[in-house]
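Biologist: Could you walk me through this model and show me how to read its features, one at a time?
Modeller: Gladly; let us put it on the screen and begin with the strands.

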Amino acid sequence: MAKIGVEESLTDIQQALREKGHDVIQLKQESDAQNCDCCVVTGLDSNVMGMQDTITKGSVIEAHGMSADEVCQKVESRIQ
């Protein structure tokens with residue numbers, strides 16, 4: 001399955017993605033996103049500094065206001 005990077009605080013989403021068979025890694029620092037097919041972030045500190053450097057070519061999903069199931073559906077639609 002896909003390699004998905006998920007912010008540390010999103011434990012319910014990490015668990016849901018693992019249950020679906022995805023390889024989930026915690027995003028603790030910027031370099032953790034390298035080689036991920038998709039990344040899931042909280043969106044709470046989205047672009048605070050106004051910087052636009054990209055570290056991954058995969059999709060980035062902002063989980064703010066979404067359930068774990070909704071995030072899983074978005075991840076699966078983006079990695080196909």
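Modeller: In this predicted model, β1 and β2 are parallel partners, held in register by five bridges. You can follow the pairing at Gly5, whose bridge partner in β2 is Ile25. Between the two strands the chain passes through α1, and this β-α-β crossover is right-handed.

Biologist: Which residue of β2 is the bridge partner of Ile4?

Modeller: That is Val24. Ile4 also has a bridge partner in β3, namely Cys38.

Biologist: How many bridges join β1 to β3, and in which sense do these strands run?

Modeller: Three bridges join them, and the strands run parallel; β1 covers residues 3–7 and β3 covers residues 38–41. Further along, Val6 stands opposite Val40 in β3.

Biologist: What is the strand order of the sheet, and is the sheet open or closed?

Modeller: The sheet is open, with four strands in the order β2-β1-β3-β4 and parallel pairing. Its edge strands are β2 (23–27) and β4 (59–62), each of which pairs on one side only. On average, neighbouring strands are turned by 25° against each other, with direction ignored.

Biologist: How should I think about side chains along a strand?

Modeller: As a general idea, side chains in a regular strand alternate between the two faces of the sheet. As for cover in this model, four of the five residues of β1 are buried, so the strand is mostly covered if we take buried as under 20% relative accessible area.

Biologist: Which strands does each helix lie across?

Modeller: Helix α1 (residues 11–19) lies across β1, β2 and β3, and runs at about 165° to β1. Helix α2 (residues 68–79) lies across β1, β3 and β4, at about 165° to β4.

Biologist: Where does that leave the chain as a whole?

Modeller: The protein chain has two helices and four strands. Read from the N terminus, the elements run β-α-β-β-β-α. Of the 80 residues, 35% are buried. Among contacts with a separation of 6 or more, 39% are between residues 24 or more positions apart. The exposed area is about 5,300 Å², and carbon and sulfur atoms supply 42% of it.

Biologist: Let us look at single residues. Is Gln14 buried or exposed?

Modeller: Gln14 has a relative accessible area of 4%, so it counts as buried. Gln14 belongs to helix α1, and the next thing to check for a polar side chain is its partners. Here the side chain of Gln14 reaches the backbone oxygen of Glu7 at 3.1 Å.

Biologist: Which residues does Gln14 touch, if those up to four places away in sequence are not counted?

Modeller: Gln14 touches Val6, Glu7, Glu8, Val24 and Gln26. You met Val6 as the residue opposite Val40, and Val24 as the partner of Ile4 in β2.

Biologist: What about the loops? Where is His22 placed?

Modeller: His22 is in the loop between α1 and β2. A loop residue can be read in the same way, by cover and then by contacts. With a relative accessible area of 6%, His22 is buried. Leaving aside neighbours within four places in sequence, His22 is in contact with Met1, Ala2, Ile4, Leu17, Glu76 and Ile79.

Biologist: And the loop between β2 and β3: is Ala33 there buried or exposed?

Modeller: Ala33 lies in that loop, and its relative accessibility is 7%, so it counts as buried. Its C-alpha is 9.3 Å from that of Lys57, a residue 24 positions away in sequence.

Biologist: How do I read a phi value?

Modeller: Most residues other than glycine have a negative phi. In this structure, Asn35 has a phi near 65°, a positive value in a residue other than glycine.

Biologist: Where is Asn35, and is Asn35 buried or exposed?

Modeller: Asn35 is in the loop between β2 and β3. Its relative accessibility is 68%, so Asn35 counts as exposed, whereas Ala33 in that loop counts as buried.

How values were computed:
Residues numbered from 1 in each chain as written. Predicted model: local features only at pLDDT ≥ 70, side-chain atom pairs only at ≥ 80, totals over all residues. Heavy atoms only, no water. Pairing = 2+ DSSP bridges. Axes fitted to C-alpha atoms, helices over the stretch in contact; angles between N-to-C directions. Contact = heavy atoms within 4.5 Å. Right-handed = clockwise from strand over helix to strand, strands pointing away. Buried < 20%, exposed > 50% of the residue type's maximum accessible area, 1.4 Å probe, protein only. Areas by Shrake-Rupley, 256 points an atom, 1.4 Å probe, with all protein chains shown as cover. Polar contact = N/O pair within 3.5 Å; in protein donor to acceptor, adjacent residues only side chain to side chain.
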